[in-house]
Amino acid sequence: MHPAGLAAAAAGTPRLPSKRRIPVSQPGMADPHQLFDDTSSAQSRGYRAQQAASGLGYPATSTLPQAAFLADPVSNMAMAYGSSLAAQGKELVDKNIDRFIPVTKLKYYFAVDTVYVGKKLGLLVFPYLHQDWEVQYQQDTPVAPRFDVNAPDLYIPAMAFITYILVAGLALGTQDRFSPDLLGLQASSALAWLALEVVAILLSLYLVTVNTDLTTIDLVAFLGYKYVGMIGGVLMGLLFGKMGYYLVLGWCCVSIFVFMIRTLRLKILAQAAAEGVPVRGARNQLRMYLTMAVAAAQPLLMYWLTFHLVR
């Protein structure tokens, strides 16, 4: 075809619309033709943050139920009621303990220090040079043992009893006679004799009608001092044989006898003098005999509880 005809044909043919290039949106940029914001990416980012926070791949658990429970008036009332019950139970237990076990009184007998323990042990071994045996009082109340060497305490008797059991076990072990049953029998025998002593003295004081401030705890303290001499006798027996045992135990027996006489006479005989009982009266003589009997029983028990431990 002639070029002129081609041009005429082209001029008479309608032109097709050309395609328009839409620019590709960059990441993070919104599409200009988008009517609504796409929040799917934000939701996915929040979900991934929850996964990282939980650490297990699950969304973190909300604490709103616990907060709602604590804010519930019923739960608060239950908690307050439980606290009041606990306080009442504690108060009831404290009252019952004080009724059967005088905790406040026991604190007095353990109010000691190192200086008191040293002086008391010296007094138990060498009571011959001690002059003032009166117990000091402050407003009708005896002062604590750490301020008065004449005051009875339970620290030395308790520690001496435990040490005596340990020394007895050592003595039995050196003789190839140790056994838990035998050591338990030794401890139970010492406790049984102590309880028998206390009951016998209380019964004797009741029969003789002695009005004294000597309490049961005082008796346990005074009767428990004999374990100090028993420990010394057994230890000397282990080191020097029977000769050392008899020498040390004999000295300690005489010392505890003197100690008990000078201590108990102030508790028993001084009260009789305050009541106006004649010194040569029959009742006063019975009180003197009772004091002598208690003091004389200590050396006998010291020997009875230790002689089989030394061979």
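Glu197 and Lys226 form a salt bridge in which the closest N and O atoms are 2.8 Å apart. Glu197 belongs to helix α8 and Lys226 to helix α10, so this pair ties together parts that lie 29 residues apart in sequence. The model in which this contact appears is a predicted one. Its chain has 311 residues, of which 30% are buried, and its secondary structure comes to 11 helices and zero strands.

**Salt bridge**

- The structure holds one salt bridge, and its acidic partner, Glu197, counts as buried because its relative accessibility is 10%, under the 20% limit for that class.
- Lys226, on the other side of the pair, is likewise buried, with a relative accessible area of 2%.
- Lys226 has a further role in this description, since Lys226 is also listed among the residues that line the largest cavity.

**Cavity**

- Searching the whole structure gives one cavity of 30 Å³ or more, and the space in the largest cavity is about 60 Å³.
- The lining of this largest cavity is made up of Leu124, Val125, Tyr225, Lys226, Val228, Gly229, Cys252, Ser255, Ile256 and Met302.
- Two helices, α6 (114–125) and α10 (226–274), each supply at least two residues of that lining, and the largest share, six residues, comes from α10.
- Val228, one of the lining residues, is 72 residues from Ile156 in sequence, while the C-alpha atoms of Val228 and Ile156 are 8.3 Å apart in space.
- Ile156 is located in helix α7, which covers residues 155–174, and Ile156 counts as buried because its relative accessibility is 5%.

**Cysteines**

- No disulfide is found in a search of the whole structure, and for Cys252 the nearest cysteine sulfur, which belongs to Cys253, is 7.2 Å away.
- A disulfide is a covalent bond that joins the sulfur atoms of two cysteines.
- Seen from Cys253, the closest cysteine sulfur is that of Cys252, and the separation of 7.2 Å is too far for a bond, given that a disulfide is counted when the two sulfur atoms are within 2.5 Å.
- Cys252 is buried, with a relative accessible area of 13%, and Cys253 is buried as well, with a relative accessible area of 12%.
- Cys252 also takes part in the lining of the largest cavity.

**Nonpolar surface patch**

- On the surface, Trp193, Leu196, Tyr246, Tyr303, Trp304 and Phe307 form a nonpolar patch that has about 620 Å² of accessible area together.
- The elements that give two or more residues to this nonpolar patch are α8 (180–208) and α11 (282–304).
- Tyr303, one of the patch residues, has its place in helix α11 and counts as partly exposed because its relative accessibility is 36%, a value that falls between the 20% limit for buried residues and the 50% limit for exposed ones.
- Helix α8 thus appears in two of these topics, because α8 contains Glu197 of the salt bridge and also gives two or more residues to the nonpolar patch.

**Overall arrangement**

- Read along the sequence, the chain follows the pattern α-α-α-α-α-α-α-α-α-α-α.
- Within this pattern, helix α10 holds Lys226 of the salt bridge and provides six residues of the lining of the largest cavity.

Definitions and conventions. Residues are numbered from 1 along each chain as its sequence is written. This is a predicted model: local features need pLDDT of at least 70, side-chain atom pairs count only at pLDDT 80 or more; totals for chains, interfaces and linings use all residues. Side-chain values use heavy atoms; hydrogens and water are left out. Patches are made of residues with over 30% relative accessible area and no salt bridge: like charges are joined within 9 Å, nonpolar side chains (Val, Leu, Ile, Met, Phe, Trp, Tyr) within 5 Å. Accessible areas come from the Shrake-Rupley method with a 1.4 Å probe; for residues, only the protein chains shown count as cover. A salt bridge is a side-chain nitrogen of Lys or Arg within 4 Å of a carboxyl oxygen of Asp or Glu. Helices (H or I, at least four residues) and strands (E, at least two) are DSSP runs, numbered from the N terminus. Buried means under 20% relative accessible area, exposed over 50%, partly exposed in between (1.4 Å probe, protein chains only). On a 1 Å grid over the protein atoms alone, a cavity is a set of points where a 1.4 Å probe fits but cannot get out, and a pocket is an open set with protein on both sides within 12 Å along at least five of seven lines; lining residues have an atom within 4 Å of a point. Grid points are joined across faces, edges and corners, and a volume is the space filled by probe spheres set on the points.
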